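Colleague: Before I rely on the labels used for this protein, I should like to see each one set against its criterion.

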Amino acid sequence: MSAVVQSIAVNAAEQELTDGFHLIIDALKLNGLNTIYGVPGIPITDFGRMAQAEGIRVLSFRHEQAAGYAASIAGYLTKKPGVCLTVSAPGFLNGLTALAHATTNCFPMILISGSSEREIVDLQQGDYEEMDQLAIAKPLCKAAFRVLHAQDIGIGLARAIRAALSGRPGGVYLDLPAKLFGQVMDADAGQKSLVKVIDAAPAQIPAPDSIRRALDVLKSAKKPLIILGKGAAYAQADDAIKALVETSGIPFLPMSMAKGLLPDTHPQCAGAARSTVLKDSDVVMLIGARLNWLLSHGKGKAWGDAPKKFIQIDIEPKEMDSNVEIVAPVVGDIGSCVTALLDGMSKTWQKPSADWTGTVSKKRDENVSKMAPKLMNNNSPMDYHGALGVLRTIIAERPDAILVNEGANTLDLARGIVDMYKPRKRIDVGTWGIMGIGMGYCIAAAVETGKPVLAIEGDSAFGFSGMEVETICRYNLPVCIVVFNNDGIYRGTDVNPTGGPDVAPTVFVKGARYDKMMEAFGGVGVNVTSPDELKRAVNAAMDSGKPTLINAVLDPAAGSESGRIGNLNPQSVLKKK
Ligand code: ADP
Ligand code: TPW
Ligand code: MG
């Protein structure tokens, strides 16, 4: 022990001192933030050790981006901010993508990063990992704070928690310069400086007028539709939402991560009649879903020619009229808004006509029957439908499992094919369609919920976070990863038209064995070439709970460019003659 530390230790015994390290840990614990996702290094290595010693679960990753994605989805799943801890400059930047992702997706998260010394950074004198992190984080998150004095740690964390959780949730940056950790202060004063945040996401009761207006519009509808988004899933108002949907009798369309809020097999679910309901509906009530690109901005071909009226329930007032006119904005938290709507529906509420609901269910049943035979094929090598048919049955048999999904074809087809039965069981690429969330999401889902996790991963998508299979093995998490290996991005069949030495930019090593990556760290690796083999391997993995990676060999020609969103690809007019 160095002389300085010794003298502090002696002092601590006499005067009861605390320091920045302990105050941050105490502040986190006081607010129920008991898990940290991160990567150690200067200046936070000891902090991680001490946090672990004080009972916080500290999960150490191989890359900060994966740790950040884990924290972001922990926030979504628990309604508490997920905490990611990074080192200065490069570690911070690696975590920042995830912080921006959390903000974009409305997930509460706090990125806590150590940083270099202010005096040196501000004079740009070239400190170790020098960077003005606060300034860089600011435009990419909901709020950003720096704590310079130990006595401000309690307030700093309280501000971060409130900013992450209140109103529209999002990412918050908390900058902790290296010097802060070692700052010493009186233990008693330190304890008193901590803040337990009370009611961080207060109910936001909608104005009664807005509820009446929404109900009037809804009553006027001949062909109403409810769209549920991931905000509705996040809100954890599951019973109220179910009651509203069922009492109203209105068909509902779940956005990707809202699947399972009500089962996809519910008689009112219009998931398999998506284009029909978007085109033909006359009144659309959005609950926790934005009219962004995922809903074609509420206009254009996808929405047909029939005039539409939109009702929107959202906690963020500025969301209203963002893309098209919202005739009935309902601003408030989803639980309060949905309950108020339910209360306002009289006993004489008229459900939509059988004409409309019948059209929707007929279309849905037709589409489901059209798909059914494709899902039963046992082709080898597999196509997407054969492989997903099997995984669909497995999720039906294991509805508590959490499904993680990323890729292009692997994403779009799994979203359409794999039915979900319970809320917040499907987590995926989200608002940005981001690749790389996979392993971080698997880890956080297993850690936060204790449930088994099944990841359906494109081979490209998996590669973005693939090294985290070591993390999964290290913590022995019940995660089964299925890599849909079609030798590339969208397809493995592209060729370099010049015949030059490099292969096309979209293809990978042919016949790669991702299963060996899992074996390298003591997990189970399986190579499968048919749906039957896939079924056996996944069931074995889910039964055993052992970390497993299944390399599912897919026909390299089976996919299409950009999955279902090829239309967003800019095309050169010069390309095709
Ligand atoms: P999706 O991608 O599923 O369509 P979005 O992420 O676009 O969903 O939209 C989610 C919306 O939900 C955001 O506009 C956000 O403000 C809103 N939201 C999140 N939590 C709540 C809540 N508790 N109450 C009301 N609205 C919420
Ligand atoms: C952070 C662009 C979208 S989808 C995809 C990429 C690279 C991979 C598709 O191939 P995969 O799936 O996963 O093998 P499949 O079944 O079609 O073969 N970088 C980021 N995000 C995105 N979205 C991209 C690149 C992209
Ligand atoms: Mg692929």
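**Labels and their criteria**

Modeller: W293, I565 and L568 make a nonpolar surface patch of about 270 Å². This is a predicted model, in which local features need pLDDT of at least 70 and side-chain atom pairs count only at pLDDT 80 or more, while totals for chains, interfaces and linings use all residues. Residues are numbered from 1 along each chain as its sequence is written, chains are lettered from A and ligands numbered from 1 in the order in which they are written, and side-chain values use heavy atoms, with hydrogens and water left out.

Colleague: What makes W293 partly exposed?

Modeller: Its relative accessible area is 32%. Buried means under 20%, exposed over 50%, and partly exposed in between (1.4 Å probe, protein chains only), so W293 counts as partly exposed. Patches take residues with over 30% relative accessible area and no salt bridge, joining nonpolar side chains (Val, Leu, Ile, Met, Phe, Trp, Tyr) within 5 Å and like charges within 9 Å.

Colleague: How do you know that C141 forms no bond with the closest cysteine sulfur?

Modeller: A disulfide is a pair of cysteine sulfur atoms within 2.5 Å. The sulfur of C141 is 13 Å from that of C84, and therefore too far for a bond. C337 is likewise in no disulfide, with the sulfur of C106 15 Å away. The structure holds zero disulfides.

Colleague: Why is the contact of R146 with D175 called a salt bridge?

Modeller: The term requires a side-chain nitrogen of Lys or Arg within 4 Å of a carboxyl oxygen of Asp or Glu. The side chains of R146 and D175 meet at 3.0 Å, N to O, so the criterion is satisfied. R146 lies in strand 6 (residues 143-146) and D175 in strand 7 (residues 171-177), so the pair ties together parts that are 29 residues apart in sequence. At 25% relative accessibility R146 is partly exposed, whereas D175, at 0%, is buried.

Colleague: What makes D459, N486 and G488 donors of the magnesium ion (ligand 3)?

Modeller: Donors are N, O and S atoms within 2.8 Å of the metal (3.2 Å for Na, K and Ca); water is not among the atoms, so sites may look incomplete. D459 (OD), N486 (OD1) and G488 (O) lie 2.0 to 2.1 Å from the magnesium ion, and therefore qualify as its protein donors. Both N486 and G488 are buried.

Terms used:
Accessible areas come from the Shrake-Rupley method with a 1.4 Å probe; for residues, only the protein chains shown count as cover. Helices (H or I, at least four residues) and strands (E, at least two) are DSSP runs, numbered from the N terminus.
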